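Hello,

Here is the structure we talked about handing over. Please have a look, then read on for what turned up.

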Amino acid sequence: MTGLDNFITGAPRNLRHLQGNSLFEFRELDVCQAFEFDRPVDAVLHLASLASPKDYLAHPIETLDSGSTGTRNMLEVARTHRARFLLTSTSECYGDPTVHPQVETYWGNVNPIGLRSCYDESKRYAEALTMAYHRVHGLRTNIARIFNTYGPRMQLDDGRVVPAFIDQALRGEPLTVFGDGTQTRSFCYVSDMVDGLCRLMLSDERLPVNLGNPREMTILEFAESIQEIAESQTESQYKALPEDDPRQRQPDIRKAKRVLGWEPKVALEEGLRETIAYFQNLNAVKSARG
């Protein structure tokens, strides 16, 4: 197995557990630059993207490039080696939805020129490009529309709600809630997501499949869960809702259940305990190093 990353948002420490593993190699490179593999390739999993609003708003062109040029380059690798190709797309393809919960046949309600469009439209284009390669070249492709996913090895400062709330709770700071907190999200633990991606990659389903946890909750309810598990007594502080921020987000996973035999198994409380423990340990290591 070969991993590729340019570390624009990632960190080398996330690969430490793989050091010394003879079955894994890592190459530091940008998938937007053309490259070739000099060995057989069985499957290409294209996960490259800046998924955090903080990151893609700071790097809109790089975000568009990873969805367009990056996707094209990875599709070419798969085509050259006649390999499987999996695209990790996003629930943001649905935009601020008028259909709830979101089902794969819904075309979305996306602002194509808004601040978030660099991410939304790059993923929508990546889906179109993936389907074009399937139809023109007969490539074995799969498209996963990933809903909010969390777990260890996220960046505390990446701007997404899970690490942001955890970071603030561990610091004893007020949790920042955008809008009035009644907007909803659905959170899937990373091990469940990995299971879903593996099942999808081995399937014959070529059209998009939602992967996420259908348990819907408001941001205020989620904040309360973080505070309880982190044993934080801080209150919440409110800020204006960002432009085009979706009011509702909940996956309809009936297709994943039917086609993949998949559904999430890790309860939110269990996943949050694991994630919070990871960041507590990380902070302890940083403090010990001074």
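About 40 Å³ of space lies in the largest cavity. Please keep in mind that this is a predicted model. A search of the whole structure finds one cavity of 30 Å³ or more.

What lines the largest cavity? The residues are H46, A48, S49, S66, G67, T71, L87, S122, K123 and A126. Two elements, α2 (60–67) and α4, give two or more residues to this lining. Of the elements, α4 gives the most, with three residues. By class, the lining of the largest cavity has six polar, three nonpolar and one charged residues.

Next, the second largest pocket. About 330 Å³ of space lies in it. Its lining counts 16 residues. E104, W107, E127, R145 and P208 lie nearest the centre of this pocket. Here α4 (117–137) and β5 are the elements that give two or more residues to the lining. Again α4 gives the most to the lining of the second largest pocket, this time with five residues. The lining of this pocket divides into nine nonpolar, six charged and one polar residues.

Now the sheet. It is open, with four strands in the order β3-β4-β5-β10 and parallel pairing. Why do β3 and β10 each have one side without a neighbour in the sheet? Strands β3 (43–46) and β10 (209–211) stand at the edges, each with a single partner strand, so one side of each is left free of a neighbour there. From one strand to the next, the twist averages 25°.

Strands β4 (residues 84–90) and β5 (residues 141–146) pair in the parallel sense over six bridges. L87 has I143 in β5 as its bridge partner. L87 also appears in the lining of the largest cavity. Helix α6 (residues 190–201) packs on the sheet and touches β3, β4, β5 and β10. The direction of α6 makes about 155° with that of β5.

One more helix. Is α5 (residues 161–171) mostly covered or mostly uncovered? Helix α5 is mostly covered, with eight of its eleven residues buried. The buried residues are V161, V162, P163, F165, I166, D167, Q168 and A169. Just after α5 comes G172, which takes a positive phi of about 75°.

Over to you.

Best wishes

Note on methods
Residues are numbered from 1 along each chain as its sequence is written. This is a predicted model: local features need pLDDT of at least 70, side-chain atom pairs count only at pLDDT 80 or more; totals for chains, interfaces and linings use all residues. Side-chain values use heavy atoms; hydrogens and water are left out. Two strands pair if DSSP finds at least two bridges between them. Axes are lines fitted to C-alpha atoms, for helices over the stretch in contact, and angles run from 0 to 180 degrees between N-to-C directions. Contact means heavy atoms within 4.5 Å. Buried means under 20% relative accessible area, exposed over 50%, partly exposed in between (1.4 Å probe, protein chains only). On a 1 Å grid over the protein atoms alone, a cavity is a set of points where a 1.4 Å probe fits but cannot get out, and a pocket is an open set with protein on both sides within 12 Å along at least five of seven lines; lining residues have an atom within 4 Å of a point. Grid points are joined across faces, edges and corners, and a volume is the space filled by probe spheres set on the points. Ala, Val, Leu, Ile, Met, Phe, Trp, Tyr, Cys and Pro count as nonpolar, Asp, Glu, Lys and Arg as charged, and the others, Gly among them, as polar.
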